[in-house]
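User: I am new to this structure and should like to understand how its features are named. Please set each term against its definition.

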Amino acid sequence: MAIDSANPYRLPRGVVPRRYELRLEPDLEAFAFAGSVGVDVEVVESTSEIVLNAAELEINGGDLSGVGLSGVDYDGEHERAVLRLGEAVQPGAARLNLSFTGTLNDQLRGFYRSTFTDEDGEERVIATTQFESTNARRAFPCWDEPDLKAVFEVTLVVPDDLMAVSSGAEIGSHTTSDGRRAVSFAPTMEMSTYLLAFIVGPLEATEPVDVNGTPLRVVHPIGKGHLTEYALDAGAFCLGFFEDYFAIDYPGDKLDLVAIPDFAFGAMENMGCVTFREILLLLDPDSSTQQERQTAVDVIAHELAHMWFGNLVTMKWWNGIWLKEAFATFCEMLAVDAYRPDWKRWLAFGLSRAAAFDVDALAATRAIEYPVVSPADAEGMYDLLTYEKGAAAVRMLEQYLGADEFRDGVRHYLRRHSYANTETHDLWDALTESTGEPARVVMDSWIFQGGHPVVTASADDDGTVTLSQSRFRYDDQPDDARWQVPVVAAVGTDTEERTERLVLKDPVALDADNPAWIMVNPTADGFYRVAYEGGLLDQLLDNGPALDPLQRYVLVDDQWALTVADRLSVADYVVFAERMAAAEDDLAVWRRLAGTLGTLDHMVPDDGRADLQARVRRLVGPAWARVGWEPVSGEDERIGELRGVLARTLAVGGNDADAIARCRELVAAESVDPALAAAAIAVVAATGDDADYEEIHHRHQSAPTPQLELRYLMALTTFDDPALMDRTLAATLDGTVRSQDAGFVLRGCLENRGRGPQAWAFITEHWDDINQRLPSAIVPRMLGGITALSTPELATGVEEFLKAHPVPQGKLILAQHLERQQINVDLRRRVQEALGTEEN
């Protein structure tokens, strides 16, 4: 197998694994484990040493087919162990046997411990795993690289009163001499180390649901079975959907969805044993919002798509993370749209796609695929560009090729490479073979260079409309990057409407003289911004057809991006927003409008805030008059969500006294629509006092569901009182807030309009403690909150501090945060010039 021999983190291929027999004995009281592993290996070339991965483990002894170890050398920097053999061994099949010990850590990686409080008030411990990207080596010595696939056969020795699950189905259990239970699991398919899982603890499982012969269960901490029905239904639907879409049977022998109280990520696609944050599996439909339910189904669908795209077919190295994650994100949209068409999932995708656009407009963006050397590099790839931009690029290609043709090409790819490892071009080549279209030519410009274009539509004096492209950057610096842009343009004349399709590289004049209107990217499938010049936007709004919600969303999103880039004035954006809001009743469009209004409110000077709040009240007023406080029986769930968005915008952004008072009444009421209840809590927190804080804090501590627990927790970050902010900040380090949530709480505090500087001071003062307590992957996400600290003085101080305190697992992400902070400094200046009272 060819590898990058210059990369010190890559293992040599002189000895490679074929099958692991792993036995683990976790001690949940001592937070430790002992284990042994027998690995069937192939010795490729004569050797007197074996190099494999091991981190935070002690290898106590072993042999290779009877040849004993003469010593073990550890390479901590590269997380490797060199096993020195008593004599050289010759090529051929062999058996490596090792015994080892390790610690059940509290860092939410490798083999770690998670805790929860049961119904009797007793703290209980779960031992669980998180191996992606490079943490299997913390649970057992192994060849921890994705292309070194093998079969895994696991046995867990556990106390008799605890449940054990793993990637394979349970095939046997017997009592050991000391009264424990040895639970054996069926061999897995051939797969990468990062996809193995094993979990032990006070757990229960639902009765299995049969999905085309596969038993599906939800495994959960004891006492929480009443919250599993929704996830079980969604999981069964998605599993069946993907078997049909991929036309390949699910490759495992069973599928457990496991709720873990402490989890660094959202979920993890372990083969046959998918782990999730509790909030994504344990859910009460009656008290959760539509958005909370949608998020849960999104993640379930995403992880199940990985069973094929990632698990059955796997990237060769971590530079290919984007392919499995982008495709799973794309597939989650397909599945959720089929599960609940009324949620309009592809329309909602615009919100997450906008976040990817936001990062990709920076000079510090990156190509979707880029070289990965170290584990820290791999950890830094789990960002918006990997998931959302990658998914948008896949969606763009699907629409370019045709949905059926694209699906057939994907099936061809999966059949060809089942149980193997691939690189990006393997997918494009399969699609090209299947469709006859040059997928690789089109996609390489999107995958291997950062950034995205803005397609500018300009009208000449003679009425000719020309389309051209340039790179869209917030800093407006010249850039000669070019893309193969699959452009769709709707054109209206006095006599007809038609659609033009072209691949744009150099400027192109549309085949239309003096069109009445044009709209570029009308289906929003293209990953590019659109700028209209020469009155073309007004022509579209005045003379064009009735725009659907997705088209209106794209207009708002693009106009705001042009405002951030200083290609449209803040004042002109506000006028545009007022025009769009007048007749707007769609949830996604209002979420985007509300987000931009919230940014303006965060940046407007105090002396201009009252005027902006008055404009917000007028802007929200027409939609609020149509929606009102009272839900209508049988109304669409998205209307309920819209009501919550409008209520929060009116009360907080508009400082509407009546709306604030009504929200206070709703918080005290017995039965309230979940979306409105969530909005009311947010309003009370943003405008609240000590008594409000105590009430929300109490609700957080006694919340009956994970959704309510998180809702109340994040509300605590929005109080404006300095003493209350101190309490919230302190809770992130004193054990009150779980480490999985602490980083997001700190980010929320940084984003607090009045108390953000206070939160930053706390972070700098407690930097070492924060980095010790938080999972390393969460630290870069926490620091996303610095973009809200948009005064010149704060920006300078933040940059100096982070230069002196680097974040190795998120260098690029941090550079993006810092650049966006500077972009916001400039935007704040322009907002203050446009919306301060002296200018009004």
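Analyst: Two strands are said to pair if DSSP finds at least two bridges between them. Helices (H or I, at least four residues) and strands (E, at least two) are DSSP runs, numbered from the N terminus. This is a predicted model, in which local features need pLDDT of at least 70, side-chain atom pairs count only at pLDDT 80 or more, and totals for chains, interfaces and linings use all residues. Residues are numbered from 1 along each chain as its sequence is written, and side-chain values use heavy atoms, with hydrogens and water left out.

User: What makes the sheet 27-24-23-29 open, and which are its edge strands?

Analyst: Four strands form this open sheet, with mixed pairing. Strand 27 (508-513) and strand 29 (529-532) are its edges, since each pairs on one side only. From one strand to the next, the twist averages 25°; angles run from 0 to 180 degrees between N-to-C directions, and axes are lines fitted to C-alpha atoms, for helices over the stretch in contact.

User: How do you know that the pairing is mixed?

Analyst: Strand 23 (residues 453-459) pairs with strand 29 in the parallel sense over four bridges, and Val454 has Arg529 as its bridge partner there. Strand 23 and strand 24, by contrast, pair in the antiparallel sense over seven bridges, with Ser458 opposite Thr466. Strand 24 and strand 27 are also antiparallel, over three bridges; one partnership there is Leu467 with Val508.

User: What joins strand 23 and strand 24 in sequence?

Analyst: They form a hairpin with four residues between them, and Gly463 in the turn has a positive phi of about 90°.

User: Why is strand 25 called largely enclosed?

Analyst: A residue is buried under 20% relative accessible area, exposed over 50% and partly exposed in between (1.4 Å probe, protein chains only). Eight of the eight residues of strand 25 (residues 485-492) are buried, and therefore the strand is largely enclosed by the rest of the structure. Val485, Val487, Ala489 and Val491 lie on one side, with Pro486, Val488, Ala490 and Gly492 on the other, and both faces are covered.

User: Which strands pair with strand 25 in the sheet 26-25-28?

Analyst: Strand 25 stands between strand 26 and strand 28 in this open sheet of three strands, with antiparallel pairing. Eight bridges join strand 25 to strand 26 (residues 497-504), and Val491 stands opposite Arg498. Four bridges join strand 25 to strand 28 (residues 517-520), where Gly492 faces Trp517 and Ala490 is partnered by Met519.

User: How do you know that the length of helix 13 agrees with its residue count?

Analyst: The expected span of a helix is 1.5 Å times one less than its number of residues. For the 17 residues of helix 13 (residues 587-603) the span should be 24 Å, and the end C-alpha atoms are 24 Å apart, so the two agree. Helix 13 is also mostly covered, as 14 of its 17 residues are buried.

User: Which residues make the contact between helix 19 and helix 21?

Analyst: Helix 19 (residues 706-715) and helix 21 (residues 739-750) pack at an angle of about 35°, with their axes 10 Å apart. Contact, meaning heavy atoms within 4.5 Å, is made by Leu710, Leu713 and Met714 of helix 19 and Asp741, Phe744 and Val745 of helix 21.
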